[in-house]
2 protein chains.
Amino acid sequence: MDDLETRELRYFVAVAEELHFGRAADRLGIAQPPLSRAIRQLEHRLGVQLLDRDRRGAALTDAGRVLLREARTALDAVAAAARRTRRAGDPTRPLVLVTKAGASHELLQRLLDAVAGTTPVEVLLCEVGEQAHRLRDGQADVAIMHRPVDDLAGFDTVDLHTEGQVAILPAAHPLAARDQLTLAEVSDVPNLPIARWPRLDGTYPDGPGPEVRTQSQLAQLVALGRTLLVIPASSRAWQWPEHVAVPVVDAPHITTVLAWPPGSRSPALAALVRTAAGLCEGYRNAESATHPTQEAPST
Amino acid sequence: MDDLETRELRYFVAVAEELHFGRAADRLGIAQPPLSRAIRQLEHRLGVQLLDRDRRGAALTDAGRVLLREARTALDAVAAAARRTRRAGDPTRPLVLVTKAGASHELLQRLLDAVAGTTPVEVLLCEVGEQAHRLRDGQADVAIMHRPVDDLAGFDTVDLHTEGQVAILPAAHPLAARDQLTLAEVSDVPNLPIARWPRLDGTYPDGPGPEVRTQSQLAQLVALGRTLLVIPASSRAWQWPEHVAVPVVDAPHITTVLAWPPGSRSPALAALVRTAAGLCEGYRNAESATHPTQEAPST
DNA sequence: AAGCCCTGATACCTGGCGGGTATCACGGCG
DNA sequence: CGCCGTGATACCCGCCAGGTATCAGGGCTT
């Protein structure tokens with residue numbers, strides 16, 4: 001019937017994340033009773049139980065888990081609407097491009113040089129896996145991402161460049177002397193386990209490797225001889241003197257792509273996409289000409 | 001700062017679509033003054049002018065056009081959150097599959113047969129181009145769509161089948177006697193112009209062909225000898241006795257895909273996707289194994 | 001030119017509801 | 001057995017969404 005309000009979604013997300021009405025209310029800056037009432041009303045309106053209350057907190061039901069995921073994307077979309085509208089009203093707005101720190105540095109440099117003077121571009125750096133979120137919630141207009149490692153669902157893209165991967169090893173490690181490696185050799189080095197990244201919900205998968213959250217943590221761990229990693233050959237801007245890169249011959253190739261929210265039609269974005277496509281003409285995947293999710297936005 | 005409420009977005013969308021405060025207020029079931037005030041507050045909060053007021057109505061500014069697009073997707077996301085949550089709380093829920101009427105009928109039949117008894121599936125038929133919207137706003141869980149004609153941006157997909165296209169002609173037309181045609185021959189038959197479909201905003205592109213909105217309108221127009229169309233070979237369930245299908249040898253191949261919102265993890269959906277992929281093993285594009293937007297949802 | 005009409009804007013009132021405080025119910029635990 | 005910490009309930013208050021009445025002004029007609 002009547003639509004949900006974003007306030008209700010924000011409240012539910014807070015409770016679902018804290019699993020505790022008191023703390024959630026605290027975080028929201030309101031008192032606990034109105035929060036309890038709001039969630040109860042929400043459950044009543046949806047006709048679905050979202051939380052199992054308990055003397056020591058609350059637990060999500062299946063429906064609650066669905067709403068948590070859906071509410072997050074809905075709130076992102078609302079926030080994106082506000083941000084993009086504010087930016088559209090600012091005539092001096094630069095295009096905001098988000099990329100992983102250090103990834104595809106040379107390519108980005110060439111792209112920025114090519115549009116310098118015509119299209120102002122602001123570069124926003126983020127940690128691994130955050131680009132999609134920044135794009136979805138309107139903090140950025142366009143992103144440099146990588147297939148198949150990043151989640152490109154929901155974006156239009158053009159392919160920019162495809163390349164092999166290298167293993168980054170501590171210089172002191174025996175494997176560092178090799179001039180090439182295979183995935184099998186890399187994946188079961190007993191005293192050099194692969195690091196673990198957080199999942200979307202912030203928890204870590206099980207495994208022997210160290211838990212990392214940022215690229216600089218990882219760089220340091222490699223330098224300390226505690227882990228290794230396999231990354232695209234061009235993503236080496238943050239390489240330390242203690243690091244050695246060895247090509248991994250059978251690792252899947254990584255394609256660098258320029259990604260943007262579907263439907264974006266600003267002339268600046270269209271110009272950037274056109275320039276990027278032009279820069280990489282030779283490398284582009286022929287599929288991109290026929291695939292509808294890979295067309296440039298019209299002006 | 002403070003987030004927008006969906007009420008504000010609904011109000012703005014109404015005004016932006018009507019371009020008239022009075023009619024918009026009417027449609028929303030409120031009076032005009034509160035609506036004017038709400039829009040003014042919205043503009044003030046965003047720090048952006050959204051509408052140019054005028055004695056004879058209102059006109060969208062650039063920022064207003066951005067907000068209209070963003071607000072629609074945000075409202076879709078909120079509506080989807082409500083719908084999907086309600087459905088998640090209903091233990092008897094069938095999976096809702098949406099498809100264009102008549103398209104890929106045999107494939108769908110095989111798919112439904114294959115999951116009959118294990119996964120209840122409700123089939124929702126819609127007109128051309130509506131599937132993406134139904135999927136985005138939560139009315140459906142999964143869709144049968146076609147690449148490259150449908151907009152697949154924002155969905156995970158598996159390829160099911162690829163096939164050539166045929167021209168559907170009035171049986172009385174001279175070209176109907178041919179056993180094959182080319183795109184060039186089809187596209188400039190002077191007295192048989194291709195029909196025009198509405199754009200997303202409901203307006204029609206210019207051109208000589210008749211305006212159509214549904215497949216049955218189109219079927220009738222072809223039977224009347226007023227237009228022709230080019231469609232995948234399998235989409236002929238609605239063919240009339242007055243229609244003749246002739247292969248178009250150089251038309252781009254159409255791939256039938258199963259598409260669903262990224263992140264959906266219901267066991268029923270996963271089972272359907274697995275079954276579909278199994279059914280079409282031989283036809284599947286090898287790329288689907290490595291492309292992240294084409295992986296089956298995990299259970 | 002003088003009204004009229006149709007547009008959105010302004011003024012002002014009212015009621016519902018979102019939010020607050022105080023308190024209850026209840027189970028775990030020392 | 002009483003204390004603590006959980007969420008639920010009761011009740012009050014003030015704000016703001018929404019209503020009515022009215023204004024302002026430009027393009028019509030006459």
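Helices and strands in this tour are DSSP runs, helices of at least four residues and strands of at least two, numbered from the N terminus. Keep in mind that you are looking at a predicted model.

**Stop 1: a cis proline in each chain**

With that numbering in hand, select A:Pro148, which sits in the loop between strand 5 (142–147) and strand 6 of chain A. Check the peptide bond that joins A:Arg147 to A:Pro148: it is cis, with omega about 5 degrees. Now jump to chain B, where B:Pro148 is in the loop between strand 5 and strand 6. The bond from B:Arg147 to B:Pro148 is cis too, with omega near 5 degrees.

While you have torsions on screen, pick A:Leu19. This residue is not a glycine, yet its phi is positive, about 55 degrees. Look for A:Leu19 in the loop between helix 1 and helix 2 of chain A. Why flag such spots? Because most residues other than glycine have a negative phi, and most peptide bonds are trans.

**Stop 2: the sheet of chain A**

Color the strands of chain A next. Five of them make an open sheet with mixed pairing, in the order 4-3-5-10-6. Strand 4 (121–126) and strand 6 (156–163) of chain A are the edges; each has a single partner strand, so one side of each has no neighbour in the sheet. Ignoring direction, neighbouring strands of this sheet are turned against each other by 25 degrees on average.

Zoom in on strand 3 (residues 95–100) of chain A: it runs parallel to strand 4 of chain A, and six bridges link the pair. For one residue to click on, try A:Val98, whose bridge partner in strand 4 of chain A is A:Leu124.

**Stop 3: the sheet of chain B, and a helix on it**

Over in chain B, the order is 4-3-5-10-6 in an open, mixed sheet of five strands. Here strand 4 (121–126) and strand 6 (156–163) of chain B are at the edges, each with a single partner strand, so one side of each is left without a neighbour in the sheet. The twist from one strand to the next averages 25 degrees.

Strand 3 (residues 95–100) of chain B pairs with strand 4 of chain B in the parallel sense, again over six bridges. Select B:Lys100 and you'll find its bridge partner, B:Cys126, in strand 4 of chain B.

Now show helix 9 (residues 267–279) of chain B. This helix packs on the sheet and touches strand 3, strand 4, strand 5 (142–147), strand 6 and strand 10 (254–260) of chain B. The direction of helix 9 makes about 160 degrees with that of strand 10 of chain B.

**Stop 4: the two copies**

Zoom out so both chains are in view. How many degrees of turn lay chain A on chain B? A turn of 180 degrees does it, with a shift of 0.0 Å along the axis and an RMSD of 0.1 Å. That is the relation of a two-fold axis. To find the axis from chain A, select A:Gly154: its C-alpha is the nearest in that chain, 1.4 Å away. Both copies use the same surface, as 100% of the contact residues of chain A recur in chain B.

**Stop 5: DNA strand C**

Show the DNA, beginning with strand C. Around it are 20 residues, and the closest are A:Ala31, A:Arg37, B:His20, B:Phe21 and B:Arg40. Which part of the DNA faces the protein? Of the strand C atoms within 4 Å of the protein, 67% belong to sugar or phosphate and the rest to bases.

Three distances to phosphate oxygens of strand C are worth drawing:

- B:His20, from a polar side-chain atom: 2.6 Å.
- B:Arg40, from a polar side-chain atom: 2.8 Å.
- A:Tyr11, from a side-chain N or O atom: 3.0 Å.

Helix 1 (6–18) and helix 3 (32–46) of chain A, with helix 2 (21–28) and helix 3 (32–46) of chain B, are the elements that give two or more residues to this surface. By type, the residues here are seven nonpolar, seven polar and six charged.

**Stop 6: DNA strand D**

Finish with strand D and the 21 residues around it; A:His20, A:Arg40, B:Tyr11, B:Ala31 and B:Arg37 come nearest. Sugar and phosphate make up 68% of the strand D atoms within 4 Å of the protein.

In chain A, a backbone N or O atom of A:Phe21 lies 2.9 Å from a phosphate oxygen of strand D. A polar side-chain atom of A:Ser36 is also 2.9 Å from a phosphate oxygen of strand D, and for A:Arg40 the side-chain distance is 2.8 Å.

Notes: Residues are numbered from 1 along each chain as its sequence is written. Chains are lettered from A and ligands numbered from 1 in the order in which they are written. This is a predicted model: local features need pLDDT of at least 70, side-chain atom pairs count only at pLDDT 80 or more; totals for chains, interfaces and linings use all residues. Side-chain values use heavy atoms; hydrogens and water are left out. A residue is near a molecule or strand if one of its heavy atoms lies within 4 Å of it. A polar contact is a pair of N or O atoms within 3.5 Å; within protein, one must be able to donate a hydrogen and the other to accept it, and residues adjacent in sequence count only if both atoms are side-chain atoms. Ala, Val, Leu, Ile, Met, Phe, Trp, Tyr, Cys and Pro count as nonpolar, Asp, Glu, Lys and Arg as charged, and the others, Gly among them, as polar. Two strands pair if DSSP finds at least two bridges between them. Axes are lines fitted to C-alpha atoms, for helices over the stretch in contact, and angles run from 0 to 180 degrees between N-to-C directions. Contact means heavy atoms within 4.5 Å. Copies are superposed by least squares on the C-alpha atoms of residues with pLDDT of at least 70 in both.
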